[in-house]
Amino acid sequence: MSTLNHRILPGFRLSLSYTLTYLTILVLMPLAACFARASTLTWDTFWGTVWSERALAAYMLTFGASFAAAVVDVALGLRSGVRD
């Protein structure tokens, strides 16, 4: 009797391991380095760094761009929903 391969996605394990490896290298390692660096700061230094003028400008840029993207997404989503 021949054995049948019942796997739906051939190569899934290989592609999953490839994805997790790159996720670890590109996202988790720098994030861990940021947490390691922040853990060496005193509370006052950390608080001063988080609320510095440069950090506040970065927060405003990030949240402003996210809000603008959300507005465009809602407008395009509502427009395409009307046609359906």
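Phe-46 is partly exposed, with a relative accessible area of 29%. This residue belongs to a predicted model. Its ring is paired with that of Trp-43: the centres lie 5.9 Å apart and the planes meet at 35 degrees, so the pair is tilted. Trp-43 itself is exposed, at a relative accessible area of 59%. Both Trp-43 and Phe-46 sit in helix α2. They are 3 residues apart, about one turn of the helix.

The pair is part of a wider group. Ring pairs join Trp-43 and Phe-46 with Trp-47, Trp-51 and Tyr-59 in a cluster. Across the model, 5 aromatic pairs were counted. Another of these is formed by Tyr-18 and Tyr-22. Their ring centres are 5.0 Å from each other. The angle between the planes is 45 degrees. This angle is neither under 30 degrees, as stacked rings require, nor over 60, as edge-to-face rings require, so the pair counts as tilted.

Tyr-18 and Tyr-22 both lie in helix α1, which covers residues 12-39. The two tyrosines are 4 residues apart, about one turn of the helix. Tyr-18 is exposed, with a relative accessible area of 54%. The cut-off for exposed is over 50%, and Tyr-22 has a relative accessible area of 41%, so Tyr-22 is partly exposed.

The fold of the chain is described by its helices. The secondary structure comes to 3 helices and 0 strands. From the N terminus on, the order of elements is α-α-α. Helix α2 spans residues 43-50, and helix α3 spans residues 53-83.

Burial in the chain was also computed. Of its 84 residues, 1% count as buried. The chain exposes about 8000 Å². Carbon and sulfur atoms supply 72% of that area.

Confidence was examined for the chain and its helices. The average pLDDT of the chain is 88. A score of at least 70 is reached by 86% of the residues. Confidence is highest in helix α2, at a mean of 95. It is lowest in helix α3, at a mean of 91. Helix α2, with this highest confidence, is also the helix that holds the tilted pair of Trp-43 and Phe-46.

Conventions: Residues numbered from 1 in each chain as written. Predicted model: local features only at pLDDT ≥ 70, side-chain atom pairs only at ≥ 80, totals over all residues. Heavy atoms only, no water. pLDDT = per-residue confidence, 0-100. Phe/Tyr/Trp six-rings, centres within 6.5 Å; stacked < 30°, edge-to-face > 60°. Buried < 20%, exposed > 50% of the residue type's maximum accessible area, 1.4 Å probe, protein only. Areas by Shrake-Rupley, 256 points an atom, 1.4 Å probe, with all protein chains shown as cover.
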